[in-house]
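Work through the exercises below with the model open beside you. Try each task before reading its solution.

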Amino acid sequence: MKVAVLFLSAALATQTAAATKTLSDQFQQKLQQIVNNANTESESIRRTPVTQQEANAYLKVQGPELLPVGVTDATVAAVGSGRLNGRAVVDLDVIREKKSTGGLLDPKTYLTGRLPVTATGILHTRNGSARFQLETATVGGVPIPKSFLQEIVSYYTRSSDYPNGISLDQVYELPANIKEIQIGQGNAIVVQ
């Protein structure tokens with residue numbers, strides 16, 4: 001009986017891995033279509049639909065190469081009406097070592113290790129720009145203030161273009177001539 005269960009588990013894992021790779025490839029093809037759309041002129045509006053499953057499969061397959069060191073297992077949920085929920089496991093110890101005050105009211109004092117970080121909010125896009133309006137955030141299931149989430153985001157998004165990291169309150173220009181992103185339930189449509 002145990003051998004049959006192990007065999008069935010292995011077979012399901014192989015099928016799941018193949019399905020994830022297929023969905024990831026579909027997302028990659030859609031990203032390429034968005035880039036191609038940006039590089040070719042057209043009088044018509046172009047819409048590229050993407051599903052939550054495709055995006056999450058892409059994050060699972062490509063995440064280790066795309067995500068900063070210390071961030072793993074990223075997923076996104078398209079809730080609808082512009083609302084998104086993101087989740088990732090984040091190494092908080094590196095932030096605590098750099099920025100913790102050690103005070104009792106500092107969340108970095110007691111939220112340590114690798115913990116799931118979630119954020120829910122509304123993505124507002126219009127006329128080629130985007131802004132994320134945070135509604136709630138948690139670390140390890142504990143609600144956190146926006147300022148703590150900002151520290152996490154700032155730390156893990158630092159780059160030569162953004163030496164202080166990305167700000168949650170900033171309005172950003174969308175790439176690839178994207179005019180807006182319409183977030184539905186379980187999907188999004190990229191409008192160019």
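**Exercise 1. Count the bridges between β8 and β9, and find a residue pair across them.**

Solution. Start with the pairing. Strand β9 covers residues 187-191, runs antiparallel to β8, and is joined to β8 by four bridges. Strands here are DSSP runs of E with at least two residues, helices are runs of H or I with at least four, and both are numbered from the N terminus. Two strands pair if DSSP finds at least two bridges between them. Next, the residue pair: Gln 182 stands opposite Ile 189 in β9.

Some ground rules apply throughout. This is a predicted model, where local features need pLDDT of at least 70 and side-chain atom pairs count only at pLDDT 80 or more, while totals for chains, interfaces and linings use all residues. Residues are numbered from 1 along each chain as its sequence is written, and side-chain values use heavy atoms, with hydrogens and water left out.

**Exercise 2. Lay out the sheet that holds β8 and β9, then place the helix across it.**

Solution. Write the strand order: β1-β9-β8, an open sheet of three strands with antiparallel pairing. Mark the edges. They are β1 (47-51) and β8 (180-183), each pairing on one side only. Add the twist, which averages 20 degrees from one strand to the next. Now the helix. α2 (residues 52-66) lies across β1 and β9, at about 70 degrees to β1. Axes are lines fitted to C-alpha atoms, for helices over the stretch in contact (heavy atoms within 4.5 Å). Angles run from 0 to 180 degrees between N-to-C directions.

**Exercise 3. Trace the partners of β5.**

Solution. Take β4 first. Strand β4 (residues 114-126) pairs with β5 (residues 129-139) in the antiparallel sense over 10 bridges. Across that pairing, Ala 119 stands opposite Ala 137 in β5. The two strands form a hairpin with two residues between them, and Asn 127 in the turn has a positive phi of about 50 degrees.

Take β6 next. Two bridges join β5 to β6 (residues 142-143), again antiparallel. Val 139 has Val 142 in β6 as its bridge partner. This hairpin has two residues between the strands, and Gly 140 takes a positive phi near 60 degrees.

Finish with β7. Residues 172-173 form β7, which runs antiparallel to β5 and is joined to β5 by two bridges. Here Ser 129 is partnered by Glu 173 in β7.

**Exercise 4. Classify two of the aromatic pairs and state the burial of their rings.**

Solution. The structure holds three aromatic pairs. Rings of Phe, Tyr and Trp (its six-membered ring) pair if their centres lie within 6.5 Å; planes under 30 degrees apart count as stacked, over 60 as edge-to-face and the rest as tilted.

- Phe 27 and Tyr 58: the centres are 4.9 Å apart and the planes at 45 degrees, so the pair is tilted. Phe 27 lies in α1 (residues 2-39) and Tyr 58 in α2, so the pair ties together parts 31 residues apart in sequence. Phe 27 is buried (under 20% relative accessible area, 1.4 Å probe, protein chains only; exposed is over 50%, partly exposed in between) at 13%. Tyr 58 is buried at 12%.
- Tyr 155 and Tyr 156: this pair is edge-to-face, 4.9 Å centre to centre with 85 degrees between the planes. Tyr 155 counts as buried at 19% relative accessibility, and Tyr 156 is buried at 12%.

**Exercise 5. Find the charge over the ring of Tyr 155.**

Solution. The charged end of Arg 158 sits over that ring, 4.2 Å from its centre. The test needs NZ of Lys or CZ of Arg within 6 Å of the ring centre and within 35 degrees of the ring normal.
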